[in-house]
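Trainee: I would like to take a close look at a single part of this model, and I would be glad of a connected account that I can follow while I have the structure open.

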Amino acid sequence: VQHEVRLLSNMYGASTGAFVNALAEAISRYIGTTRMAGSIREYRDAERDRVIGFAHEVAKARTIRGQWFYCDDDAAKRYVWFHSVKDLVQ
């Protein structure tokens with residue numbers, strides 16, 4: 001949700017409406033992801049054993065689709081997204 005709030009705040013300014021829209025967008029993306037085929041890979045903070053993000057990977061024929069979700073703004077600064085992309089193309 002923090003990720004969506006940050007994105008929408010940049011577009012619309014910090015407001016209660018931006019938070020509500022971000023919450024709705026985050027929930028919608030999560031529900032959409034859990035209804036698709038493929039595999040979900042969790043990324044965890046080794047020190048706190050907390051999920052910091054997850055990648056949803058789907059491959060069909062010669063097409064590969066990857067979605068990435070950070071759990072909070074701190075996790076977004078760790079750049080583990082690159083590991084997810086590397087995993088998709090291997």
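What follows is one request about a single residue and one long answer to it.

Trainee: Where does Asp 45 lie in the chain, and which residues is Asp 45 in contact with beyond its neighbours within four places in sequence?

Mentor: Before we turn to the residue itself, please keep in mind that this is a predicted model, with a mean pLDDT of 77 for the chain and 83% of its residues at 70 or more. The chain is made up of four helices and three strands, which follow one another along the sequence in the pattern α-α-β-β-β-α-α. Asp 45 belongs to strand β1, which covers residues 39-45, and in this chain confidence is highest in β1, at 85, while it is lowest in helix α1 (residues 2-12), at a mean of 64. Where pLDDT is low, the predicted coordinates should not be read in detail.

Now consider the surroundings of the residue. Asp 45 counts as buried because its relative accessibility is 6%, under the 20% that serves as the cut-off, and for the chain as a whole 26% of the 90 residues count as buried. The side chain of Asp 45 reaches the backbone nitrogen of Glu 47 at 2.8 Å, and it also makes a polar contact, at 3.2 Å, with the side chain of Arg 48. When its neighbours within four places in sequence are left aside, Asp 45 is in contact with Arg 50, Ile 52 and Arg 78.

If you then move on to the loop between β1 and β2 (50-60), you will find Asp 49 there. Asp 49 counts as exposed because its relative accessibility is 54%, whereas Asp 45 is buried. The backbone of Asp 49 also deserves a careful look, since its phi is near 50°, a positive value in a residue other than glycine. Most residues other than glycine have a negative phi. A further example is Ala 61, which is not a glycine and yet has a positive phi of about 55°; it is placed in the loop between β2 and β3 (63-70), and it counts as exposed because its relative accessibility is 82%.

Conventions. Residues numbered from 1 in each chain as written. Predicted model: local features only at pLDDT ≥ 70, side-chain atom pairs only at ≥ 80, totals over all residues. Heavy atoms only, no water. Helix = DSSP H or I, 4+ residues; strand = E, 2+ residues; numbered from the N terminus. Buried < 20%, exposed > 50% of the residue type's maximum accessible area, 1.4 Å probe, protein only. Polar contact = N/O pair within 3.5 Å; in protein donor to acceptor, adjacent residues only side chain to side chain. Contact = heavy atoms within 4.5 Å. pLDDT = per-residue confidence, 0-100.
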